[in-house]
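Work through the exercises below with the sequence and the model open side by side. Each one sets a task and is followed by a solution in steps.

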Amino acid sequence: MVIDVNSNEVVIALLENKELAELNREKNNTKFSVGDIYLGRVKKIMPGLNAAFVNVGYEKDAFLHYLDMGPQFASLAKFLRICQHDKKDTMSLNDFKLEHDINKNGKITDIIKQGQDIIVQIAKEPISTKGPRLSSEISIAGRNLVLIPFADKISVSQKIQSEEERSRLKRLIQSIKPVNYGVIVRTVAEGKKVADLDSELRELCEKWESVSGKIKSISPPSLLLGELNRTSAILRDIMNASFNSITVNDEAIYNEIKNYILEIAPGREKILKLYSGAVPIFENFGIEKKIKSLFGKTVPIKNGAYLIIESTEALHVIDVNSGNRTDSEKDQEANALEVNTAAAKEIARQLRLRDLGGIIVIDFIDMHSNENKQILYDKMKEFMSTERAKHHILPLTKFGLMQITRQRVRPATNVKTIETCPTCNGSGEITPSVLLIDQIESNLSYLFSKITDTTIIIKAHPFVAAFIKKGFPSQRLKWRWKYKKIIKVKSSISYSFLEYHLFHSNGEEILL
């Protein structure tokens with residue numbers, strides 16, 4: 001894992017076998033995260049949709065469907081009423097009397113009314129023009145367990161294959177679980193000792209009880225319990241024994257992650273490193289180049305084959321092309337299967353990388369053999385087996401199309417890889433490139449007459465940076481002698497050919 005922290009966002013890159021597998025961007029001002037619990041107020045009830053719109057502080061009201069209210073909604077509503085009027089600092093569920101489950105085929109108008117305060121949890125972040133999607137079936141996730149207040153059910157992850165281990169975990173949780181709480185045992189809990197699980201369960205219960213203490217002192221819309229930040233949430237969900245390196249370029253987040261690793265995996269903090277190199281962290285690890293090549297409309301696979309990825313509001317279409325790839329020793333069917341298999345592997349990675357959700361339709365190269373179609377279907381399921389998002393894959397249709405549905409909880413990651421020329425601003429015409437050095441000097445001359453800095457940093461494309469530093473005396477030295485200032489030149493592969501920017505010595509850009 002490589003984490004790039006800058007003033008606007010935190011970008012988290014996950015590499016598997018040196019290949020970019022996931023890219024997450026967390027804006028520093030992002031207000032909503034999946035898992036956040038809010039005290040909201042019902043703004044409007046829509047009987048025709050059997051749903052309600054709830055104010056949780058977003059510019060568009062959030063959407064709550066009757067089926068997302070959860071069977072224990074009556075107990076949750078009673079809990080909220082008691083918390084708003086009770087004088088206690090926190091409220092335990094030990095002596096709480098649960099209400100009957102609501103009718104799963106009921107009407108929303110029988111359960112809530114306009115203006116009512118309710119506790120809700122973000123199920124999907126705002127996507128495009130839609131507000132957040134809500135649930136009132138509250139769950140609080142830990143590393144090994146998920147706590148569900150007002151339920152009394154214990155579930156064990158289906159991914160734990162051993163029936164003996166599943167029974168052990170169920171008995172163990174049954175012996176330590178407080179009343180009026182349900183628990184889901186996650187896959188990573190396999191083999192864990194009772195002391196570890198008991199400690200985590202107590203922490204999760206304390207988190208929920210802290211919510212009751214906040215309710216009486218706030219008014220809707222307000223955040224009751226925040227999910228972990230994206231960095232810690234990703235660590236919680238995916239960190240395992242196969243992790244061998246986490247590198248971050250910010251000391252505050254480095255310390256935060258170190259403390260988190262000490263909590264969840266003592267002894268493994270040595271894999272965490274603080275990066276302090278002069279080259280930007282993503283450039284140092286070759287991630288910037290990977291991003292540019294993997295997020296475009298056209299994605300190369302190998303030997304000339306490539307994917308075309310197009311997206312709409314609710315549908316993503318992926319076209320597989322063999323390009324100029326031919327293997328004279330194999331027939332067309334064998335070539336098609338080989339290209340399709342390589343494409344399936346890349347598609348599984350692209351879905352994680354771009355976090356594509358909703359309906360995905362893939363147009364594979366036509367194959368006539370039903371046996372080959374089954375092989376491709378099985379391969380696709382194998383490549384998607386490590387996928388954490390819920391998904392469903394259908395076999396190939398007679399037209400060679402495969403349909404996949406994948407859970408969408410946040411907007412797809414979109415990285416703009418086609419750059420508008422900073423010199424011509426998209427017009428297609430530029431001033432002569434031979435004048436670029438004169439233009440940089442003109443800006444330096446103007447700056448040195450206006451500011452008192454003793455050091456200026458020029459960042460430019462590697463070719464331009466090399467030209468400025470080459471020879472003796474180099475252009476950089478000439479400027480240094482002329483202006484009696486320290487001028488540093490750094491290269492950045494993310495810049496286009498004639499793009500350059502000037503910075504103060506503290507790294508802050510100078511806007512001309």
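**Exercise 1. Helix α1**

Why does the distance between the end C-alpha atoms of α1 agree with the span its 13 residues should have? Then state which residues of α1 are buried and what covers them.

*Solution.* Keep in mind throughout that this is a predicted model. Start with the expected span, which is 1.5 Å times one less than the number of residues. For the 13 residues of α1 this gives 18 Å, and because the end C-alpha atoms lie 19 Å apart, the two values agree. Next, take as buried any residue under 20% relative accessible area; in α1 these are Phe 73, Ser 75, Leu 76, Ala 77, Lys 78, Phe 79, Leu 80 and Cys 83. Finally, look at what lies over these buried residues: the cover includes β4 (37-46), β7 (117-124) and α3 (194-215).

**Exercise 2. The largest cavity**

Find the largest cavity and describe its lining by element and by residue character.

*Solution.* The structure holds five cavities of 30 Å³ or more, and the largest cavity contains about 60 Å³ of space. Among the residues that line the largest cavity are Met 69, Gln 72, Phe 73, Leu 76, Glu 137, Ile 148 and Phe 150. Assigning the lining to elements shows that α1 (73-85) and β10 (145-149) each supply at least two residues. Sorting the lining by character then gives seven nonpolar residues, three polar and one charged.

**Exercise 3. The nonpolar cores**

Identify the largest nonpolar core, the helix that gives the most to it, and the surroundings of Ile 404.

*Solution.* The largest nonpolar core has 40 residues, and those with the most contacts inside it include Phe 282, Ile 347, Phe 364, Met 402 and Ile 404. Helix α8 (residues 332-354) gives the most to this core, contributing nine residues. Turning to Ile 404, and setting aside residues up to four places away in sequence, one finds that it touches Leu 351, Gly 358, Ile 359, Ile 360, Ile 362, Met 380, Met 384, His 392 and Ile 393. A second, separate core of 35 residues includes Leu 80, Leu 147, Phe 150 and Leu 172.

**Exercise 4. Ser 245**

Locate Ser 245, classify its exposure and list its contacts.

*Solution.* Ser 245 sits in the loop between α4 (230-238) and β14 (246-248). Its relative accessibility is 24%, and therefore Ser 245 counts as partly exposed. Leaving out neighbours within four places in sequence, Ser 245 is in contact with Met 1, Ile 271 and Lys 273. As a last step, compare chain and space: Ser 245 and Arg 268 are 23 residues apart along the chain, while their C-alpha atoms are separated by 9.9 Å.

Key
Residues numbered from 1 in each chain as written. Predicted model: local features only at pLDDT ≥ 70, side-chain atom pairs only at ≥ 80, totals over all residues. Heavy atoms only, no water. Core = buried A, V, L, I, M, F, W, Y, C linked by side-chain atoms within 4.5 Å. Buried < 20%, exposed > 50% of the residue type's maximum accessible area, 1.4 Å probe, protein only. Helix = DSSP H or I, 4+ residues; strand = E, 2+ residues; numbered from the N terminus. Contact = heavy atoms within 4.5 Å. 1 Å grid on protein atoms, 1.4 Å probe; cavity = no way out; pocket = protein on both sides within 12 Å on 5 of 7 lines; lining within 4 Å. Points joined across faces, edges and corners; volume = space filled by probe spheres on them. Nonpolar A, V, L, I, M, F, W, Y, C, P; charged D, E, K, R; others polar.
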